Structures are given as structure tokens and as C-alpha cells.
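Q: Could you pick out one part of this model and take a close look at it with me? I'd like to know what sits around it, and then how the rest of the picture connects.

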Amino acid sequence: MKYTKNDIIALLEEENVEFVRLEFTDIFGRPRSMTVMPEEFEKAVEHGISIDGSAIPGLGGDNIHSDLFLSPDLDSISYLPWRPDQGKAVRFFCNVKNPDGTFHNCDSRWILTKAVEEAEKEGYTFYFGTEFEFYLFKTDAKGESTRIPIDNAGYMDSTPDDKGDSIRREICLQLKDLGMKPEGAHHEEGPGQNEIDFAYASPLTAADNAVTFCQIVKRVSALNGLSVDFSPKPISDKAGNGLHINLSVKGEGDEILEHMIAGILEHIKAMTLFFNPTESSYRRLGSFKAPRYISASRGNRSQLVRIPEAKDPYIRAEVRSPDSGANPYIAFALLIYAGLDGIRRKLPLKGGLDQNLYLLTPEELKGWDTIPKSLLEAKNEAMKSQFLKSVLPQSVIKYYLR
């Protein structure tokens with residue numbers, strides 16, 4: 001639904017809303033927010049709400065000119081379900097703008113918006129769904145994590161062994177209250193490890209949902225006396241946490257899904273810095289089905305890109321290398337640009353290897369290229385990439401290279 005400024009003002013009055021939260025992210029996708037009173041909403045729409053950009057990673061630039069402005073996306077409105085009826089609050093995602101009203105070139109939400117617009121100009125529509133993995137740990141008397149998992153259950157185990165079941169249900173209910181569409185939830189391979197999957201959505205909605213999801217999981221976990229860990233390798237000898245990204249493309253042309261995947265594989269080395277931006281990212285990759293080799297296959301979960309066998313309306317690809325350190329706006333934008341490049345050039349999808357790559361010998365794997373094995377190697381690949389320079393602002397690349 002498309003809202004106008006007057007629609008929102010009327011809604012705020014009718015619903016007795018007392019607080020308006022304006023949310024945005026820094027360059028790494030971490031959520032930031034400020035709250036204003038409903039009386040300030042018209043000002044927010046007309047002129048934006050001023051923030052100190054110099055205090056936000058990636059937005060500061062020249063500290064002498066640090067005034068930036070939050071501009072709410074009216075269609076992103078949602079009620080915050082944990083607020084009482086007295087003191088009702090709504091939330092908007094915002095774009096970050098310069099004083100002259102132009103979009104800040106390091107606003108990752110705007111970076112994704114531009115990628116979507118470019119795809120639409122060429123006749124292609126992308127959809128995204130995410131699969132988040134996370135560990136739940138017990139806390140001590142001070143509320144600090146003990147690093148002791150809440151259970152010793154395994155993949156898709158059920159209660160009573162799976163002690164995260166009620167937590168996942170509570171998370172999914174809050175997500176639904178926010179208008180989001182969780183698709184499924186289950187225990188994952190590691191002790192205390194969980195997964196919640198999302199239904200397909202437009203790129204911007206899917207990225208907004210990803211940011212909100214992490215906030216909800218942290219909130220529900222804390223209320224239940226637990227700590228949550230999304231990091232790539234919370235326990236050194238157990239399965240790591242991935243952020244598997246499912247994407248689909250619709251448009252004219254033959255074999256566009258295969259061309260899209262070929263484009264992603266073509267540029268995966270350069271994009272890895274943005275998919276896996278921390279040192280611990282590289283302790284996850286290459287073990288417990290987390291990919292190492294640049295490959296694609298139908299159904300096989302040891303591959304970097306998997307084409308699921310599931311029968312659903314979206315013929316899709318699952319990119320399995322990212323983790324939740326990725327900024328979803330930038331990650332989705334890069335996947336769109338790489339996919340478009342593959343479609344434009346009609347890149348062939350080279351034959352995958354329908355085997356578990358981790359059961360093959362080094363001799364059998366000779367000749368198979370790999371994604372970067374360290375953060376330094378990922379930075380080097382990004383630094384020399386002409387593809388990245390053509391699709392991302394140079395200031396964004398430089399910030400990640402730091």
C-alpha cells in the first residue's frame with residue numbers, strides 16, 4: 001500500500017500514537033534509531049530529522065560538514081508490538097540525505113534502491129528470502145553469556161531435546177505482529193543452534209526484514225534470560241552460523257536463472273569482503289557444509305550456490321557463503337548487479353559437481369577455484385575489482401578496506 005504524508009498524520013492521530021521511531025543502518029548494516037514525537041513527523045517528511053553523521057560509521061566523511069537528515073520511507077510503517085496501548089509507537093525505515101536533499105552515497109538502503117531500479121529498467125525483477133542461523137546460550141546471574149548452549153540437540157531435533165522451540169515460536173509471533181512473514185523455524189546442527197527462514201519479498205522489504213529480525217531475536221532472547229550469538233563461528237568445533245540468501249529473478253529470456261548464477265560466481269571473490277566482513281567469517285567457511293569452492297549444483301548443500309529441488313512458485317538459487325556480519329542492503333545490491341552482469345553477457349553456468357565436496361580428496365579437488373580464505377585475501381580481491389568500482393561508491397569500498 002502506498003501512503004501519503006496526510007495518510008500517516010491521520011493514522012497517528014486516530015491510533016493515538018505517542019512515539020515515532022526512525023530507523024536506519026550504518027555502513028555495516030547495524031541498526032541505528034532515534035525517536036521523535038508525532039508532532040515532528042511532518043517536519044521529518046518535509047525536511048528530514050537532523051543527525052550527526054560524523055558519529056555513524058561510514059556516514060561521517062568530512063566531520064566539518066557532518067549534518068545529515070533522516071527521511072522516512074512512508075510505506076515502511078509498522079507498529080512496535082511490544083509497546084503498550086498507552087504509549088503506542090510506530091517505526092519507519094529511513095534513507096539518509098545530505099543537507100541539499102540528495103541521497104547520501106553511503107546510505108546502504110539507497111544503494112539497494114538504485115540496484116533495484118537498474119534491474120527494473122532492464123526488465124528484471126528480483127526477490128529475496130533469507131535463512132538466519134544463530135546460537136542461544138545460557139546467561140549468568142549478571143545476565144552475561146556463559147557460552148553454554150541451551151541444549152545439546154541436533155538438526156531438526158524436537159522437544160524435549162530441542163529447548164529453543166518456544167523461543168522460536170515467540171520470535172515468529174512478534175515477526176508476524178510486525179507484518180513480516182517467517183516461513184519456517186527449526187533446530188540446527190549445532191548445540192543450541194537455531195534457524196528461522198523468511199518467505200520471498202522484494203529486495204528492500206527483505207533487507208528491512210533482515211535488520212528487524214536480528215533485533216527481535218536479541219530482544220526475545222534477553223526477555224527469556226538467554227543470550228544470542230549470530231557470529232560466524234561461536235563454538236570452534238561446531239557448525240558456524242550462516243546467512244543463506246535465496247534469490248529469484250523474473251524477466252524475459254532463456255535460462256536467466258543460470259546466467260544470474262554464473263554472474264554471481266564470476267564476481268564472488270570480489271563480493272566476499274561484503275558477504276564475510278570479519279576475521280571469524282573465515283573460520284566458518286570450508287567446514288560443516290559452509291562452502292569453500294566456487295561451484296554450483298542442484299540440491300547439494302556443500303556447493304557455494306545451490307539450486308533447490310523444492311517445488312514452489314519461485315525458481316531460485318541459494319547463495320550459502322554469506323554470514324550475518326553482512327549488511328543485507330549491500331549484499332542484496334551486489335547480488336543483483338552480479339546477476340544482471342551474468343544475464344547481460346549470457347554467461348554460461350559451468351557444470352557443477354553433484355557430490356559432497358568435503359568427501360573428495362585434495363587430488364580430486366585440484367583445479368577447483370576457491371573463495372578467499374582470509375579477510376586479508378578478501379580485501380585484496382575487492383581492491384582490484386573493476387566490478388565493485390562500477391557498482392558501489394568508492395567511499396563504501398574504502399571503508400570496508402580499512
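A: Let's start with helix α9, residues 375–383, in what is a predicted model. Its buried residues are Leu375, Ala378, Lys379, Glu381 and Ala382. Look down the axis of α9 and those buried residues fall within an arc of 160°, so they line one face of the helix. As for what covers them, the list includes α6 (256–275), α7 (281–284), α10 (386–391) and α11 (394–401).

From α9 you can step to the largest pocket, since this helix helps to line it: α5 (203–223), β11, α9 and α11 each supply at least two residues of the lining. The largest share, five residues, comes from α5. The pocket holds about 600 Å³ of space. Of its 29 lining residues, Phe28, Arg30, Ser324, Gly325 and Ala326 are the closest to the centre.

One of those contributors, β11 (residues 226–229), leads on to strand β7, with which it pairs in the antiparallel sense over four bridges. Within that pairing, Phe137 has Ser227 as its bridge partner. Strand β7 spans residues 125–139 and is mostly covered, with eleven of its 15 residues buried. Follow β7 along and you meet other partners. With β12 (residues 243–250) there are eight bridges, antiparallel again, and here Tyr127 stands opposite Ser248. With β10 (residues 193–198) the antiparallel pairing runs over five bridges, and Phe132 faces Ile196 across it. Then there is β8 (residues 145–149), antiparallel to β7 and joined to it by two bridges, with Thr139 opposite Ser145. β7 and β8 make a hairpin with five residues between them, and in the turn Gly143 has a positive phi of about 85°.

β7 also gives you a way into the hydrophobic interior, through Phe126. Nonpolar side chains tend to be buried together in soluble globular proteins. The largest nonpolar core here has 110 residues, and Phe126, Ile171, Phe213, Met260, Phe274 and Leu392 touch the most other members. Setting aside neighbours within four places in sequence, Phe126 is in contact with Ala119, Ser202, Pro203, Leu247, Ser248, Val249, Met260, Ile336 and Leu340. Met260 is worth a second look: it is on that contact list and is also among the core residues that touch the most other members. Ser248 turns up twice as well, as a contact of Phe126 and as the residue opposite Tyr127 in β12.

How values were computed:
Residues are numbered from 1 along each chain as its sequence is written. This is a predicted model: local features need pLDDT of at least 70, side-chain atom pairs count only at pLDDT 80 or more; totals for chains, interfaces and linings use all residues. Side-chain values use heavy atoms; hydrogens and water are left out. Buried means under 20% relative accessible area, exposed over 50%, partly exposed in between (1.4 Å probe, protein chains only). Two strands pair if DSSP finds at least two bridges between them. A nonpolar core is a set of buried Ala, Val, Leu, Ile, Met, Phe, Trp, Tyr and Cys residues joined through side-chain atoms within 4.5 Å. Contact means heavy atoms within 4.5 Å. The arc is that of the directions from the helix axis to the C-beta atoms. On a 1 Å grid over the protein atoms alone, a cavity is a set of points where a 1.4 Å probe fits but cannot get out, and a pocket is an open set with protein on both sides within 12 Å along at least five of seven lines; lining residues have an atom within 4 Å of a point. Grid points are joined across faces, edges and corners, and a volume is the space filled by probe spheres set on the points.
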